[in-house]
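Me: Please take a close look at one residue in this model and at its surroundings. Begin with the chain as a whole, then work inward to the residue.

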Amino acid sequence: MVRALSTLIALGTLFLAAAPGETATRPKAPRIVGLTLEGKRVNLAQFRGKPVFINVWSSW
């Protein structure tokens with residue numbers, strides 16, 4: 001229960017930190033280009049103004 005509450009508070013803090021209106025003072029995101037599972041090119045700029053979650057995963 002405590003862990004779930006801590007996670008909820010952390011996510012809420014991140015949500016408030018990314019509130020609209022503050023984005024004008026933040027630097028632009030770097031140019032990131034990748035491929036979808038279908039092989040199409042995807043550019044981060046295509047998602048301007050929308051929340052984006054980038055999951056970088058690797059196995060060593």
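Reply: Of the 60 residues in the protein chain, 2% count as buried. The chain exposes about 6,400 Å², and carbon and sulfur atoms supply 65% of that area.

The model is predicted, and its confidence varies along the chain. The average pLDDT is 76, with 67% of the residues scoring at least 70. Helix α1, which covers residues 2-17, has the lowest confidence, at a mean of 68. Strand β2 has the highest, at 91.

The protein chain holds one helix and two strands. Read from the N terminus, these elements follow the order α-β-β. The second strand, β2, spans residues 41-43.

The residue to examine is I54, which lies in the segment after β2. Is I54 buried or exposed? I54 falls between those two classes: its relative accessible area is 46%, so it counts as partly exposed. The reasoning needs two cut-offs, because buried means under 20% and exposed means over 50%.

Next come the neighbours. Leaving out residues up to four places away in sequence, I54 touches I32 and L44. I54 and L44 are 10 residues apart in sequence, and their C-alpha atoms are 9.7 Å apart in space.

One of these contacts, I32, also appears with I54 in a feature of the surface. I32, F47, V52, I54 and V56 form a nonpolar patch there. Together these residues have about 450 Å² of accessible area. Why can I54 be part of such a patch? Patch residues need over 30% relative accessible area, and I54 has 46%, so I54 passes that cut-off.

To put the parts together, I54 sits in the segment after β2, touches I32 and L44, and belongs to a nonpolar patch on the surface.

How values were computed: Residues are numbered from 1 along each chain as its sequence is written. This is a predicted model: local features need pLDDT of at least 70, side-chain atom pairs count only at pLDDT 80 or more; totals for chains, interfaces and linings use all residues. Side-chain values use heavy atoms; hydrogens and water are left out. Patches are made of residues with over 30% relative accessible area and no salt bridge: like charges are joined within 9 Å, nonpolar side chains (Val, Leu, Ile, Met, Phe, Trp, Tyr) within 5 Å. Accessible areas come from the Shrake-Rupley method with a 1.4 Å probe; for residues, only the protein chains shown count as cover. A salt bridge is a side-chain nitrogen of Lys or Arg within 4 Å of a carboxyl oxygen of Asp or Glu. Helices (H or I, at least four residues) and strands (E, at least two) are DSSP runs, numbered from the N terminus. Buried means under 20% relative accessible area, exposed over 50%, partly exposed in between (1.4 Å probe, protein chains only). Contact means heavy atoms within 4.5 Å. pLDDT is the predictor's confidence in each residue, from 0 to 100.
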